Each structure stands twice: as C-alpha cells, then as structure tokens.
Amino acid sequence: MSEFFLGDRLKAAIKAAGTNQSALARKIEITVQSVQQCAEGRACFADDTMTKAANALGVSVGWLSGGALSENASETECVAAVSLAMSV
C-alpha cells in the first residue's frame, strides 16, 4: 500500500466512521478549522488531540499517524484503509 499523509487518513477515517469534520471537531473539542487544516495537510494535531480524534473515529493512533493496520484493527480502520488503497 502506498504511503498516505495524516490528512488522507483523517479524511478516510471520517468518511468510514460516517461523520464529518464539524462533528469530529465538536466531539474532540477543537475548532472545525483545526480539523480542516489537518485534513488538508497544513497543520498537525498535538499528541493528545490525535488520541482523541483516533478514539472518536474508531481507529488506532498508530494507523491514523501513518502506521500499518494491526492484526486487531477495527472495522472503521479497515474500511478507511481500503478506501485509501482504492483511491490510488
């Protein structure tokens, strides 16, 4: 699988989780602009925000930040990874 930036993975996880950037921002208590900037690759989440985002989206911090799928990956994480792979 090709390497994808955090923004690509974030957008795929948001879609796979059936939510949107505004709802994610509200859930993890940050601005919509912060989510948009991360999704566009113009900024990155702080570690604690990355953890909150991963938890809210049902994916692992490791996968969201660029790691491989783990053996016990969630369904949302798998759907997001497949979506990314198909976008190549």
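1. A residue is called buried here when its relative accessible area is under 20%. By that criterion, helix α1, which spans residues 6–16, has the buried residues L6, G7, R9, L10, A12, A13 and I14. The structure under discussion is a predicted model.

2. Regarding confidence, the chain has a mean pLDDT of 91, and 94% of its residues reach 70 or more. Among the elements of the chain, α2 has the highest mean pLDDT, at 98, and α6 the lowest, at 90. As a general caution, where pLDDT is low, the predicted coordinates should not be read in detail.

3. The surroundings of α1 deserve comment. The cover over the buried residues of this helix includes α2 (21–28), α3 (32–39), α4, α5 (61–64) and α6 (75–86). After α1 comes G18, which has a positive phi, near 70°.

4. The largest nonpolar core has 22 residues, and the members that touch the most other members are L10, W63 and L64. Each of α1, α2, α3, α4, α5 and α6 supplies at least two residues of this core. The helix that gives the most is α1, with five residues. In general terms, nonpolar side chains tend to be buried together in soluble globular proteins.

5. L10 merits inspection as a residue of α1 that is buried and as one of the core members with the most contacts to other members. Leaving aside residues up to four places away in sequence, L10 touches L24, V35, C38, A39, F45, L57 and L64. Of these partners, L64 is itself named with L10 and W63 among the core members that touch the most others.

6. The packing of α1 against α6 can be described by its geometry. The two helices pack at an angle of about 125°, and their axes are 8 Å apart. Because angles from 65 to 115 degrees count as roughly perpendicular and those over 145 as roughly antiparallel, α1 is classed as oblique to α6. The crossing of α1 and α6 is right-handed. On the α1 side the contact is made by D8, R9, A12, A13 and A16, and on the α6 side by T76, V79, A80 and L84. Of the α1 residues in this contact, R9, A12 and A13 are among those listed as buried.

7. A further point concerns T49, which lies in helix α4 (residues 47–57). Is T49 buried or exposed? Its relative accessibility is 13%, so T49 counts as buried. Apart from residues up to four places away in sequence, T49 touches I28 and I30.

Notes: Residues numbered from 1 in each chain as written. Predicted model: local features only at pLDDT ≥ 70, side-chain atom pairs only at ≥ 80, totals over all residues. Heavy atoms only, no water. Helix = DSSP H or I, 4+ residues; strand = E, 2+ residues; numbered from the N terminus. Buried < 20%, exposed > 50% of the residue type's maximum accessible area, 1.4 Å probe, protein only. Contact = heavy atoms within 4.5 Å. Core = buried A, V, L, I, M, F, W, Y, C linked by side-chain atoms within 4.5 Å. pLDDT = per-residue confidence, 0-100. Axes fitted to C-alpha atoms, helices over the stretch in contact; angles between N-to-C directions. Parallel < 35°, antiparallel > 145°, perpendicular 65-115°, else oblique. Left-handed = near helix turned anticlockwise from the far one by under 90°.
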